[in-house]
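Here is a short briefing for a reader new to this structure. It covers the overall make-up of the chain and then its salt bridges.

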Amino acid sequence: SFDLNVVHPHKIMIKMCKALTRTGALSRAKGRDFAQHTFNFLNDSVRTTVALVYSPNTLAASAVYLAFKYFEMPDITKKREKEEDGKENGEEEEEEEEEEENEYQKEMRENAPDIRDIAIQLVDMYFRDPKIQNEDTKMVTFKRVQCEIKSEKEIASSSNNRDITKETTTNKEKEEADPDKAIKRDAKKVLDGGSPRKQRRVE
């Protein structure tokens, strides 16, 4: 509808990088290089169709995620989980951390599969680039990054499958303990689906 007010992910990415620098997730020596590579990843993402599929926040988080992998730095989400297990912070400190890291951590928590998919698409795009094909160091780096992302993707999918199997087993156990629930569920299916004769008449 001729809506030309497009939200670009670059501004969101810069906010994420500044928040990560304030929290100490990025060292001062690599801070500018990290932000520059993240900016370059977003610019190169225009050569793919990810901008038409995913939101600007998810694109910005994927560029930051890819930069973490590129520089072999620990992801802030995993680092914070380990620190929170061993430390008890005050309410004021927790509020400050949420303000500074909320955007990136929120995207990683809610859209981690999409972020990994975007990163894999960008890496595949770099493999097709003839300039990068001529540089052995970058090819080795992107192959390592691709392997790490795919392994994380497999681990996440296996954990999701475990959670699904746990839910199904617990539901079955509840139904076995309370047979009335199973009877009600079967009755609901019959009512929703209708009798076979009615279905044939509708067809």
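Of the 203 residues of the protein chain, 33% count as buried. The model is a predicted one. Its protein chain holds eleven helices and zero strands.

**Overall make-up**
- Read from the N terminus, the elements run α-α-α-α-α-α-α-α-α-α-α.
- Among contacts in the protein chain with a separation of 6 or more, 75% are between residues 24 or more positions apart.
- The accessible surface of the protein chain is about 14,600 Å², and carbon and sulfur atoms account for 50% of that surface.

**Salt bridges between distant parts of the sequence**
- The count of salt bridges is seven.
- One of them pairs the side chains of Asp129 and Arg47, at 3.5 Å from N to O.
- Asp129 sits in the loop between α7 (112-127) and α8 (130-133), and Arg47 in the loop between α2 (28-45) and α3 (50-53), so this pair ties together parts 82 residues apart in sequence.
- Asp129 is buried, at 12% relative accessible area, whereas Arg47 is partly exposed at 48%.
- Another salt bridge joins the side chains of Asp117 and Lys153, at 2.7 Å from N to O.
- Because Asp117 belongs to helix α7 and Lys153 to helix α9 (residues 136-177), the pair links parts that are 36 residues apart in sequence.
- Asp117 is partly exposed at 22% relative accessible area, and Lys153 is partly exposed at 37%.

**A further pair and a network**
- The side chains of Glu135 and Lys138 form a salt bridge of 3.7 Å, N to O.
- Glu135 is partly exposed at 35% relative accessibility, and Lys138 is partly exposed at 33%.
- Asp44, Arg47 and Asp129 are joined into one network by salt bridges that share partners.

Terms used. Residues numbered from 1 in each chain as written. Predicted model: local features only at pLDDT ≥ 70, side-chain atom pairs only at ≥ 80, totals over all residues. Heavy atoms only, no water. Helix = DSSP H or I, 4+ residues; strand = E, 2+ residues; numbered from the N terminus. Buried < 20%, exposed > 50% of the residue type's maximum accessible area, 1.4 Å probe, protein only. Contact = heavy atoms within 4.5 Å. Areas by Shrake-Rupley, 256 points an atom, 1.4 Å probe, with all protein chains shown as cover. Salt bridge = Lys/Arg side-chain N within 4 Å of Asp/Glu carboxyl O.
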